[in-house]
Amino acid sequence: MDRPLIVGAGLSGAVVARILAEGGIASVVVDARDHIAGNCHTSIDDASGIMVHRYGPHIFHTDDEIVWDFVNTHARFVPYVNRVKATVQGQVYAMPINLHTINQFFGETMNPAQAEAFIRAKATLLDDPANFEEQAMAMVGREIYEGFFAGYTRKQWGVDPTSLPGSILKRLPLRFTYDDNYFNHRFQGMPEDGYTAMVASILDHDLIEVRLGETFEGQQPRPDAHVFYSGPLDQYFDYCAGQLGYRTLDFEELRSDDDYQGVAVMNYCDQDVPWTRITDHKYFSPWRLNQTSGSVVYREYARAWTPGDTRYYPIRLVDDKKRLNDYVELAEAAQGVTFLGRLGTYRYLDMDKTIAEAMVAGQGALSAFRRGDSPQSSYVSLSA
């Protein structure tokens, strides 16, 4: 049997390769980029000493203790709480929406029970919100929706909020306390030496061969090798059913000798501000502040993906879901391939879910290899 071919040296590919290697199975990992770690790639900026998240910030958060133990085997994690701010009509508020945000926005001094009743009175009663706008109206009412969500969402997704599923908003907490932690998970942190060092540790095994700057299409035919594919799903099938839609990001780099904004993330919710947020990367590794100088800042602009761009967010609108169903049928009929990760399953996935699914896929494949079988072709709930 040829060595399994793992396409992508990001979290999915690295985790599968590691599980196979620890079970005695050698593999080849290829990635078209010139670096490992995919979109969570980090590197030190030479001029400032700041650790930069090259494809936008990634904060690790999970309730999955198995995943948490796994990543801590390959990196020392430093506790980190993501505290996001938002600029709305010239005022700065805490995000996600919490008691401080509500009181400041409406000029009130309510306690939790009063604020909850206040927001409930403003919310639109809907049994089954059909889209993002209806979900927001049912959750927080019109004023907060129009102030914090409507403009930002149009910029981020390039469509009217009524065209988007309400599930996008459900990921964002609504709190009637002064807790401004962006996430609710038990475990939250950042790898001390960055995500690239963590992924390098995962891939550091004698039975793992990593080849950068190589594409899946450039590999020689391997009729007996199972493929673990974390590249774009539509690309695997040569776009035969059309291109799936994505949003991409453009980053405008700004540098300052001083502290640019005093916080890691500032969202800009007004539609007439062209960028969606500004990130100051020194704040993503505060333990390094005494080793850095100034600020390395990025304005983020969201737009439609075109060939050659980095894919960030699957859109999953009506046309995309139709194309996705076609690719699901092709994936079900494919032989010798496991589809993994955000691109391979056309889903928005947090890092912990990506790792958890890769662990399951790797362990299942390892069991098959030990039996002398080939792993079953599979994909992870493409319609989820």
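**The whole chain**

Start with the whole protein chain in cartoon view: it has 12 helices and 17 strands. Helices (H or I, at least four residues) and strands (E, at least two) are DSSP runs, numbered from the N terminus. This is a predicted model, in which local features need pLDDT of at least 70 and side-chain atom pairs count only at pLDDT 80 or more, while totals for chains, interfaces and linings use all residues. Residues are numbered from 1 along each chain as its sequence is written, and side-chain values use heavy atoms, with hydrogens and water left out.

Zoom out until everything fits on the screen. The C-alpha atoms of the protein chain fill a box of roughly 70 × 50 × 35 Å along the principal axes. For 384 residues, a compact globule would have a radius of gyration near 21 Å, and the 22 Å of the protein chain agrees with that. This radius is taken over C-alpha atoms, and the globule rule is 2.2 Å times the number of residues to the power 0.38.

How many of the 384 residues count as buried? The share is 55%, where buried means under 20% relative accessible area, exposed means over 50%, and partly exposed lies in between (1.4 Å probe, protein chains only).

**The sheet of 7 strands**

Next, look for the open sheet whose 7 strands run in the order 8-7-13-14-15-12-16, with mixed pairing. Two strands pair if DSSP finds at least two bridges between them. Strands of a sheet pair through backbone hydrogen bonds, either parallel or antiparallel.

Select residues 91-95 for strand 8 and 313-314 for strand 16: both stand at the edges with a single partner strand, so one side of each has no neighbour in the sheet. From strand 8, step to strand 7 (residues 84-88), which pairs with strand 8 in the antiparallel sense over 5 bridges. Click on valine 84, and you will find methionine 95 as its bridge partner in strand 8.

Stay at methionine 95 for a moment. A cis peptide bond, with omega about 0 degrees, joins methionine 95 to proline 96. Proline 96 lies in the loop between strand 8 and helix 3 (99-106). Most residues other than glycine have a negative phi, and most peptide bonds are trans.

Now move to strand 14 (residues 277-280). Both of its faces are covered: Arg277 and Thr279 on one side, and Ile278 and Asp280 on the other, are all buried. Strand 13 (residues 265-268) pairs with strand 14 in the antiparallel sense over 3 bridges, and methionine 266 has isoleucine 278 as its bridge partner. Strand 15 (residues 295-304) also pairs with strand 14 in the antiparallel sense, over 4 bridges. Select arginine 277 to see glutamate 300 of strand 15 opposite; likewise, isoleucine 278 stands opposite arginine 299.

Is strand 15 enclosed or open? Of its 10 residues, 7 are buried, so strand 15 is largely enclosed by the rest of the structure. Strand 12 (residues 246-256) pairs with strand 15 in the antiparallel sense over 10 bridges. One pair to click on is aspartate 250 with its bridge partner tyrosine 301 in strand 15.

**A buried glutamine**

Select glutamine 156 in helix 6 (residues 142-157). Glutamine 156 is buried, with a relative accessible area of 9%. Leaving aside neighbours within four places in sequence, glutamine 156 is in contact (heavy atoms within 4.5 Å) with Arg247, Thr276, Ala302 and Tyr313.

**The sheet of 3 strands**

Another open sheet has 3 strands in the order 5-9-6, with antiparallel pairing. Strand 5 (60-62) and strand 6 (77-79) are its edge strands, each pairing on one side only. Strand 5 and strand 9 (residues 187-191) pair over 3 bridges; select phenylalanine 60 and its bridge partner glycine 189 to see one pair.

**A loop to finish**

Finally, go to the loop between helix 9 (233-236) and strand 12, where aspartate 238 lies. Phi of aspartate 238 is near 60 degrees, a positive value in a residue other than glycine. Tyrosine 239, found in that loop between helix 9 and strand 12, has a positive phi near 55 degrees. Colour the two by accessibility: aspartate 238 is exposed, with a relative accessible area of 61%, and tyrosine 239 is partly exposed, at 26%.
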